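Colleague: Please take me through this structure. I would like to hear the criterion behind each label.

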Amino acid sequence: MDFERPPADPIAQLTMWIEDARKAGLPNPNAMALATVDSKGQPSVRIVLLKSLDARGAVFHTNRLSRKGAELEGNPHAALLFHWDALDRQVRIEGDVSAVSDAESDAYFATRPRESRISAWASQQSRPAKDRAELEAAVAQIEKRFAGKDVPRPPHWGGYRVSLNRIEFWRGSANRMHDRIVYTPDGRGGWRTQRLYP
Ligand SMILES: Cc1cc2nc3c(=O)[nH]c(=O)nc-3n(C[C@H](O)[C@H](O)[C@H](O)COP(=O)(O)O)c2cc1C
């Protein structure tokens, strides 16, 4: 990436950096930290996997009744962070959050292995659990329920899309002379860029 003449399209650039991480053999090159904020202003953060990226935003899938789901229902704004330490690169995204359509959630859910589709039904993500046996019993029960049948998407499971209101590319450099470029939408379908001090 040429930070002196930033490429016009930050989406293509981010896609390229994820691909670079994949080619470098890094585990989970599409892993990103997702920060949400609850009704009291308390932030929380966890890792999720980026499953699609285009001009509409960055999509991950989860249990909508989870802690993150509840926080996003109450405050539909989020920040995302990619960090590929071995490549000395970081990307920060901020945006508004919306639920992806049922059709899009269904299409992604259908690509998951049967076992993880079963787990999506069995896990009451973020709720207190007595012990591991309780989870295993829930899985066994769901396996029985869907024996010999397709496992549909649970109604509480689906994708969220984070719009690309701000994307920042960071590249590490010697002596803390790092490069930073921020992209913001220019309102005409293109992007404004701004270099920042490191
Ligand atoms: C590498 C990695 C990938 C993960 N991917 C997802 C994901 O795509 N969706 C998800 O719901 N949780 C994912 N998790 C688990 C979350 O980090 C988190 O534990 C879970 O979603 C519950 O978060 P919450 O209680 O804040 O809602 C992943 C964890 C790791 C370490």
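Modeller: A residue counts as near the ligand if its C-beta atom, placed from the backbone, lies within 6 Å of it. By that rule 16 residues surround the ligand. The closest are Thr62, Ser66, Arg67, Lys68 and Ser126. This is a predicted model: local features need pLDDT of at least 70, side-chain atom pairs count only at pLDDT 80 or more, and totals for chains, interfaces and linings use all residues. Residues are numbered from 1 along each chain as its sequence is written.

Colleague: What makes a stretch a helix or a strand, and which ones supply at least two residues of the shell around the ligand?

Modeller: Helices (H or I, at least four residues) and strands (E, at least two) are DSSP runs, numbered from the N terminus. The protein has five helices and ten strands. Strand E2 (43-49), strand E4 (57-63) and helix H2 (67-74) each supply at least two shell residues. E2 gives the largest share, five residues.

Colleague: How do the shell residues divide into nonpolar, polar and charged?

Modeller: Ala, Val, Leu, Ile, Met, Phe, Trp, Tyr, Cys and Pro count as nonpolar; Asp, Glu, Lys and Arg as charged; the others, Gly among them, as polar. The ligand shell then has five nonpolar, eight polar and three charged residues.

Colleague: Why are Arg117, Ile118, Ala120 and Trp121 of helix H4 called buried?

Modeller: Buried means that 20 or more other C-beta atoms lie within 10 Å of the residue's own; exposed means 12 or fewer, partly exposed in between, with C-beta atoms placed from the backbone. In H4 (residues 114-122), those four are buried. They cover an arc of only 155 degrees around the axis, so they lie on the same side of H4. The arc is that of the directions from the helix axis to the C-beta atoms. The face turned away from that side carries the exposed residues Glu115 and Ser116.

Colleague: What covers the buried residues of H4?

Modeller: The cover includes helix H3 (102-109), helix H5 (132-145) and strand E7 (157-162). Over the protein, buried residues make up 22% of the 198 residues.

Colleague: How do you know where the domains lie, and how many residues of each take part in the contact?

Modeller: The bounds come from an automatic or database domain assignment. It gives domain 1 (10-110 + 155-195) and domain 2 (114-152). Their centres, taken over C-alpha atoms, are 28 Å apart. Contact means C-beta atoms, placed from the backbone, within 7 Å. Six residues from domain 1 and five from domain 2 take part. On the domain 1 side, three are nonpolar, two polar and one charged.

Methods:
Contact = placed C-beta atoms within 7 Å.
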